[in-house]
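This report covers how the strands of one chain pair up and what part of the surface they supply. The sequence and structure come next.

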Amino acid sequence: MSEMEYGQKPHRVAMECCKRLTLTGVSEVTSFDELSVVLVTSCGCLSIEGDDLHITRLDLEHGEADIEGLVTGLFYTKVKERTGGFFRRKKD
């Protein structure tokens, strides 16, 4: 894991039998439905894929989340920094 910025919470994922996830280091939920949950964590953007997924507990103040359902995949991507919209790029 790379160095964490000051104030970031450590990120941890614990999975039980592909049916329950306990997460820490969560700062934002960007999207969710029964097939996928996308979270911003202190280690990047985490996409969780599966069936019948439900966020059963979410505490962003403490950076914690619990997800239940059949988990079929976990994928990390780097969080992209916002550089402005289309017109800002056109201007440069």
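In this predicted model, strand 2 and strand 6 pair in the antiparallel sense, with five bridges between them. Thr22 has Asp66 of strand 6 as its bridge partner. Strand 2 covers residues 20–24, and strand 6 runs over 64–77.

Strand 2 also pairs with strand 1. That pairing is antiparallel too, over five bridges. Met15 has its bridge partner, Leu21, in strand 2. The two strands make a hairpin with three residues between them. Cys17 sits in the turn and has a positive phi of about 55°.

Strand 6 is joined to strand 5 as well. Strand 5 spans residues 44–59, and twelve bridges link the antiparallel pair. Two residue pairs mark the register: Asp51 stands opposite Leu70 in strand 6, and Leu46 stands opposite Tyr76 in strand 6. This hairpin has four residues between its strands, and Gly63 takes a positive phi near 70°.

The three pairings are set out here.

| Strand pair | Sense | Bridges | A facing pair |
|---|---|---|---|
| Strand 1 and strand 2 | antiparallel | five bridges | Met15 and Leu21 |
| Strand 2 and strand 6 | antiparallel | five bridges | Thr22 and Asp66 |
| Strand 5 and strand 6 | antiparallel | twelve bridges | Asp51 and Leu70 |

How do these pairings fit into the sheet? Six strands form an open sheet in the order 1-2-6-5-4-3, with antiparallel pairing. Strand 1 and strand 3 (26–32) stand at the edges. Each has a single partner strand, so one side of each is left without a neighbour in the sheet. From one strand to the next, the twist averages 40°. Strands of a sheet pair through backbone hydrogen bonds, in a parallel or an antiparallel manner.

The sheet also contributes to the surface. Which residues form the nonpolar patch? They are Val13, Met15, Leu74 and Tyr76, with about 320 Å² of accessible area together. Strand 1 (12–16) and strand 6 each supply at least two residues of the patch. Two patch members were met above: Met15 is the bridge partner of Leu21, and Tyr76 faces Leu46.

Leu74 lies in strand 6. Is Leu74 buried, exposed or partly exposed? Its relative accessible area is 33%, so Leu74 is partly exposed. Patch residues need over 30%, and Leu74 has 33%.

Conventions. Residues numbered from 1 in each chain as written. Predicted model: local features only at pLDDT ≥ 70, side-chain atom pairs only at ≥ 80, totals over all residues. Heavy atoms only, no water. Patch = residues over 30% accessible without salt bridge, like charges linked within 9 Å, V, L, I, M, F, W, Y side chains within 5 Å. Areas by Shrake-Rupley, 256 points an atom, 1.4 Å probe, with all protein chains shown as cover. Salt bridge = Lys/Arg side-chain N within 4 Å of Asp/Glu carboxyl O. Buried < 20%, exposed > 50% of the residue type's maximum accessible area, 1.4 Å probe, protein only. Pairing = 2+ DSSP bridges. Axes fitted to C-alpha atoms, helices over the stretch in contact; angles between N-to-C directions.
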